[in-house]
Structures are given as C-alpha cells and as structure tokens.
2 protein chains.
Amino acid sequence: MAELRKDPVIGRWVIVSTDRGRRPSDFVLEETPRVLDSKSCPFCEGNEAITPPEILSYRKCETCSNSPGWWIRVVPNKFPALRIEGELNKRGKGIYDLMNGIGAHEVIIETPQHVDDIFSLEQKAVEDVIWVYRERMIDLMKDVRFEYVLIFKNKGRDAGASLDHPHSQLIATPIVPKRVEEEIEGAKKYFDFKQRCVFCDVKNQEVESKERLLWQDENFVSFCPFASRFPYEMSILPKNHSSDFRKINEAEVKSLAWMLKKCINSLNEIIPGVPYNYIIHTSPSNKSNLKYYHWHLEVMPRLTSIAGFEWGTGFYINYVPPEEAAKHLKQEEKINP
Amino acid sequence: MAELRKDPVIGRWVIVSTDRGRRPSDFVLEETPRVLDSKSCPFCEGNEAITPPEILSYRKCETCSNSPGWWIRVVPNKFPALRIEGELNKRGKGIYDLMNGIGAHEVIIETPQHVDDIFSLEQKAVEDVIWVYRERMIDLMKDVRFEYVLIFKNKGRDAGASLDHPHSQLIATPIVPKRVEEEIEGAKKYFDFKQRCVFCDVKNQEVESKERLLWQDENFVSFCPFASRFPYEMSILPKNHSSDFRKINEAEVKSLAWMLKKCINSLNEIIPGVPYNYIIHTSPSNKSNLKYYHWHLEVMPRLTSIAGFEWGTGFYINYVPPEEAAKHLKQEEKINP
C-alpha cells in the first residue's frame with residue numbers, strides 16, 4: 001500500500017510507494033533500449049491478456065471485452081501509483097500528516113496500431129480519445145473519495161513514457177493537487193479584483209495581439225504562453241468560458257481534436273520525434289460552473305533539462321521566446337539556419 | 001537582454017532569454033558526447049583565458065588573477081541567464097507583468113583539477129568552497145536590486161550540467177523565488193500557530209525517531225525527508241536555529257564540509273556516478289534573524305524522470321520510501337539483491 005505524505009513546510013503531497021520499493025541497483029544509469037515489436041507490446045491488439053482486464057473499450061459489435069476488435073481500450077495501470085480499494089485513513093505521525101494511497105491510475109490505449117503517435121491518424125481517432133477522457137473523468141469524479149482527476153500524456157522516453165505504443169494516462173487523487181489549487185486561488189484573486197476570468201482575459205489579449213497566437217476556430221484557441229517555461233510550450237483554451245472539461249460538447253470535441261492534431265503535428269514537423277507531455281487542467285470533482293476558473297490543456301515539449309536552479313526556485317529559464325516559438329511553429333519564417 | 005515574465009495566473013516568474021534565442025534545429029535529440037580533456041576544458045588550470053575574468057579566487061601569494069596558482073575561482077557565467085548591468089524597469093503589457101532580466105549568474109570552479117567530484121578530495125577543499133559560497137552571497141546581497149541569491153550544484157548531464165569539471169553556480173534574482181516564498185510562508189503559518197520553527201520541529205522528530213536519520217554531529221544533522229520527492233533525497237540542517245546561511249561560523253563550515261562529503265560519497269557508493277543537484281535555501285537578502293525560517297541544503301539525486309503527472313499536479317511519486325533509502329545510504333542492510 002502506498003502512502004500519501006505531506007511536506008510539513010510547503011504542504012506538497014508526495015506518493016511514497018512501498019509496494020515497489022526499489023534497491024539502489026535498480027537505478028541503471030545507462031540508456032536501456034526498449035525495442036518492443038507488436039508481438040511483445042502489451043498495448044497491441046491480440047495481446048489483451050497481458051494487461052489487467054479492461055475498464056472501458058470502444059469496440060466493434062459482437063466482440064468480447066479483453067479480446068481483439070477494439071479501437072480504444074482503458075485498463076488499470078499494471079503498476080499503479082495509487083490503489084482503488086480501501087479507505088483514506090487520514091492520520092498524523094508526530095508533526096507529519098499522511099493518508100493511505102487511495103486513488104485510480106488508468107491507461108488509455110489510444111489505438112490498437114503500434115504507430116508513433118495518434119496525431120498522424122485521422123481526426124476521428126483523436127476525437128474518440130477525447131470522448132474517452134470525458135467518460136472516465138465523469139465516472140471517477142462520482143467517487144466521493146476522489147477530489148481530482150488528472151489526464152496526461154507522456155510521449156517519448158525523455159518525457160517519462162515507458163512504452164512507445166500511443167497511450168495517455170489518468171490519475172484520480174483524494175486531494176486537489178497543489179498546482180491546480182494554486183491556479184484556482186490565483187484565478188480567484190484576479191476575479192475578486194476584476195470580476196473577470198483571468199484565462200478569458202489572457203485569451204482575449206492573445207487573440208488581439210497575435211504575437212504569440214497559433215491557431216483558432218470558433219471553439220478553441222492555441223498560443224505560446226507569455227511566460228512559457230519551456231521552448232515551444234503551447235496552451236489550448238476553449239473560447240467559451242467553462243471551468244469543467246466534463247461539459248465539453250460534440251462541436252468542441254471535434255475542434256479540440258483538430259487543434260491537438262495541428263499543435264502536435266506542427267511541433268513534430270519542426271523537431272521530429274520531440275518528446276512531450278500534455279495535461280488537462282479542469283475544476284475539482286465537486287466544483288462545477290466556477291466563474292473564475294477555465295479548463296485548459298498545456299503541451300510541454302521536453303527539450304531542455306530541469307536543473308538545480310529550477311528545482312531550487314520554481315523559476316524557469318527559457319531560451320526560445322514564445323513570440324519566436326509561435327513563428328517557428330506556424331512556419332512563418334524560415335526555420336533552418 | 002533577457003526578460004523576467006510573470007505567469008498571470010499563478011504568479012510564477014520565468015526568465016525568457018532573448019539573447020540566446022534558439023532555432024528548432026538547435027535541439028538535438030541524440031546524446032552528444034562531451035569528451036573534454038584538460039587541454040580544452042575551460043575550468044582547468046592554465047585555461048583561465050577561456051573564461052570571463054575572475055570575480056574572486058583563492059590563490060597562492062604572488063600569483064596574478066586570471067593565471068594559474070588558484071585553488072578556487074569564481075567567474076561570471078559565459079552564457080548568463082541574467083545580466084548584472086542595468087535597471088529593472090518593472091512594467092506591464094496589457095494584463096502581463098515583466099521586468100528586465102537583471103541579476104548575477106556566476107560559476108564557482110571548485111578545484112583546478114579535472115576530477116570527477118570534489119567530495120573525493122580532502123575536507124579542506126570542500127570547506128573552502130563553502131567559504132566562497134558565503135563570501136559571494138554576502139557580496140551580492142549588498143546590491144539592493146537583488147532580493148535573493150540561490151547557490152546550487154548540477155552534477156552530471158542528467159542533472160543539467162554542461163561541463164564535467166567540478167563546479168557550482170549561483171544566481172542572484174531581483175525577486176524572491178516562488179519555492180522560497182512558499183517555504184517562508186508555510187513556516188510562518190506554522191510559527192504563528194505553534195510559536196516554534198517547523199524546521200526545528202522536523203529536526204527534533206527525525207533525531208528522536210531515527211527512522212530516516214542519516215548522520216549528525218554537534219552542528220549539523222542529515223536525514224531523508226518524510227515526504228521525499230526523489231529516491232535518496234537528503235536534507236542537511238544546521239542544529240542551531242539560523243535563518244541565514246551568511247552567518248555560518250568556522251566550526252559549522254567544518255561540520256558542513258564533513259557532512260556533504262559523507263552524504264555525497266555515500267550516495268555515490270551505492271549508485272556510482274549518480275547525477276544530482278543540491279541547493280541552499282536561505283532567507284532573502286533583506287531578512288535576517290527570522291524566528292520561523294531555518295536555512296538548509298537539499299540534495300536531489302536525479303534517478304527518475306519527471307513526467308506529465310508531476311508537471312500537472314506538483315505531486316511526486318517516489319518508489320523508494322525514505323526509511324529504506326536511509327538504510328541503504330548508511331549501508332545498514334545488504335544493498336545488493
């Protein structure tokens with residue numbers, strides 16, 4: 001059983017896994033090749049028996065669960081950071097606070113094909129992944145133990161992916177994560193002062209100034225954030241104010257799929273094989289219709305390493321100004337030197 | 001000129017460097033070998049002309065600055081994240097806040113020898129590095145533009161080091177970094193409630209319980225923190241309450257050098273060649289004698305990658321419980337499986 005432990009000074013929670021306690025010799029410092037073909041890949045069609053039983057799948061009529069015939073499959077993570085069964089049992093230990101590592105950790109297998117990325121596939125494939133995100137989030141947020149559900153994607157080894165087959169993940173947590181809490185508090189302060197959503201204001205300024213603007217349609221807008229932490233960082237925001245990803249509608253799903261394809265493919269075009277993470281930030285389980293919060297998606301290319309200064313300060317150093325990054329991504333200027 | 005830009009939602013500052021604007025083709029995804037011998041290494045004795053002119057050196061009598069004869073040398077970073085000349089010029093741009101990238105970015109070359117790490121050298125070498133840290137911090141904190149000085153070390157490529165020759169760095173910033181601000185606020189809240197320093201309470205509980213305790217003498221104590229983010233993370237705290245690293249005395253410098261050697265060498269013994277960062281957290285320039293804050297040193301081994309979940313939440317997943325990590329580091333139990 002993992003434990004959730006709280007830092008007594010800054011209140012950051014850490015999942016300390018005791019199940020998978022590793023020995024020093026487990027940390028191999030050399031790169032280990034992970035050449036998995038579709039015979040041994042647990043996420044490929046035909047290998048359903050290698051994963052834990054599926055939670056949800058989009059599959060052809062008259063095919064059985066945990067057998068071929070699916071195009072998206074959701075399974076529990078084989079090595080979950082948090083476990084679904086049990087009670088939280090919040091408690092103290094001297095000055096420390098902890099609780100049991102209760103939560104959910106699922107893998108969304110985005111396609112049966114062992115391709116590089118789904119964004120090279122047709123738009124419908126991406127739309128269905130978004131529908132699955134929504135469905136799993138709605139389901140898990142009904143569990144009163146879970147205050148938050150984070151959907152994220154790690155692509156490439158340098159971004160933390162341990163398997164190459166296209167997949168995303170979700171983790172449901174019994175506390176609202178610190179980063180989300182900070183966004184909500186920051187946005188609330190702004191709203192209290194201005195009576196406007198800070199994300200809407202950012203979106204309006206970006207659309208108007210065009211300096212960092214990437215793409216837009218009637219439902220979504222993307223841009224490189226003014227204070228980008230990483231080179232080629234991208235933000236995707238719904239144009240209509242909404243704090244809750246669960247409320248995304250059909251037209252918006254289509255737009256978001258188009259936008260994700262546009263953003264990720266453009267990034268891949270200028271930096272082939274780029275490792276990246278993306279995350280969806282939405283309001284906590286029991287909070288909907290917040291006037292001051294706005295759900296969004298953050299794409300973080302992993303091109304530079306995070307060193308002592310960043311860990312020590314929370315400051316970031318970015319050597320590609322977002323104004324230039326936007327130009328490169330839109331290929332508005334020659335990108336080869 | 002770099003710019004300091006503030007995230008409008010959570011208030012995080014980012015250094016956006018415009019001087020070193022990179023092109024997409026600058027991000028090489030393959031590992032590039034960095035085989036530098038002492039002929040081409042800019043930090044080796046005899047190559048003083050390759051670095052910018054020195055700010056400070058500990059050197060033999062009758063040798064000239066920027067020539068051989070030194071045992072520690074401080075030089076400006078050749079590619080500084082922030083520049084020392086100029087005014088801050090705090091300003092707004094629509095809803096955004098920014099200022100000029102004014103600060104200092106220095107490199108502390110810890111030894112003239114092209115060795116792997118100074119912690120394998122005699123204790124005196126480490127003591128002198130600590131004295132240099134203190135001297136530079138005192139000097140830079142006199143500059144009214146700088147609210148904070150962060151001292152840090154990146155060891156190994158995976159920890160962000162671009163050169164192998166033993167060195168540390170410091171960055172002086174015109175704002176107190178978010179991570180430090182959070183610690184100060186958290187510690188102040190605790191003090192307001194309990195009238196005690198939270199770091200002193202942590203130290204007392206760790207010494208008493210021994211579960212995560214590493215080493216101690218009359219001046220310093222080290223342990224694996226209760227809510228360790230990383231496998232084999234270590235905290236080093238002065239035993240006597242002090243918020244300000246600048247006030248370290250001679251006996252404490254000796255103790256800290258001994259403790260650093262002990263911690264880093266033990267880590268290297270169980271995981272040879274381990275990449276790591278360490279940082280010193282102290283009170284801001286214009287705040288000394290804080291009852292509620294306690295300076296400390298954090299050692300962060302870089303053995304696992306930070307992925308989407310960590311970026312998205314501020315949560316960390318640690319697969320080595322600190323209680324086990326402490327046993328491994330003290331070699332109290334057989335560490336090979």
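Copies are superposed by least squares on the C-alpha atoms of residues with pLDDT of at least 70 in both. The model is predicted: local features need pLDDT of at least 70, side-chain atom pairs count only at pLDDT 80 or more, and totals for chains, interfaces and linings use all residues. Residues are numbered from 1 along each chain as its sequence is written, while chains are lettered from A and ligands numbered from 1 in the order in which they are written.

**Stop 1: both chains**

Select chains A and B. Chain A superposes on chain B by a rotation of 180 degrees with 0.0 Å of shift along its axis, at an RMSD of 0.0 Å. The two copies are thus related as by a two-fold rotation axis. To locate that axis, select Ile306(A), whose C-alpha comes closest to it among the residues of chain A, at 4.6 Å.

**Stop 2: the interface**

Select the residues in contact (C-beta atoms, placed from the backbone, within 7 Å). There are 81 of them in chain A and 80 in chain B. On the chain A side, helix α2 (residues 178-194) gives the most, with seven residues. Helices (H or I, at least four residues) and strands (E, at least two) are DSSP runs, numbered from the N terminus.

Next, select residues 316-318 of chain A and 13-16 of chain B. These are strands β15 of chain A and β2 of chain B, which pair in the parallel sense over three bridges; pairing requires that DSSP finds at least two bridges between the strands. Ile317(A) stands opposite Ile15(B).

**Stop 3: strand β9 of chain A**

Select residues 167-173 of chain A. Seven of the seven residues of β9(A) are buried, so the strand is largely enclosed by the rest of the structure. Buried means that 20 or more other C-beta atoms, placed from the backbone, lie within 10 Å of the residue's own. One side of β9(A) carries His167(A), Gln169(A), Ile171(A) and Thr173(A), and the other Ser168(A), Leu170(A) and Ala172(A).

Add residues 104-109: this is β7(A), antiparallel to β9(A) over six bridges, with Glu106(A) partnered by Leu170(A). Then add residues 148-155, strand β8(A), which is antiparallel to β9(A) and joined to it by five bridges. Here Phe152(A) stands opposite Gln169(A).

**Stop 4: helix α3 of chain B**

Select residues 198-209 of chain B. Its buried residues include Val198(B), Phe199(B), Val202(B), Lys203(B) and Glu206(B). They cover an arc of only 140 degrees around the axis (from the directions of the C-beta atoms), which puts them on the same side of α3(B). After the helix comes Lys210(B), with a positive phi near 65 degrees.

Methods: Buried ≥ 20, exposed ≤ 12 C-beta atoms within 10 Å, placed from the backbone. Contact = placed C-beta atoms within 7 Å.
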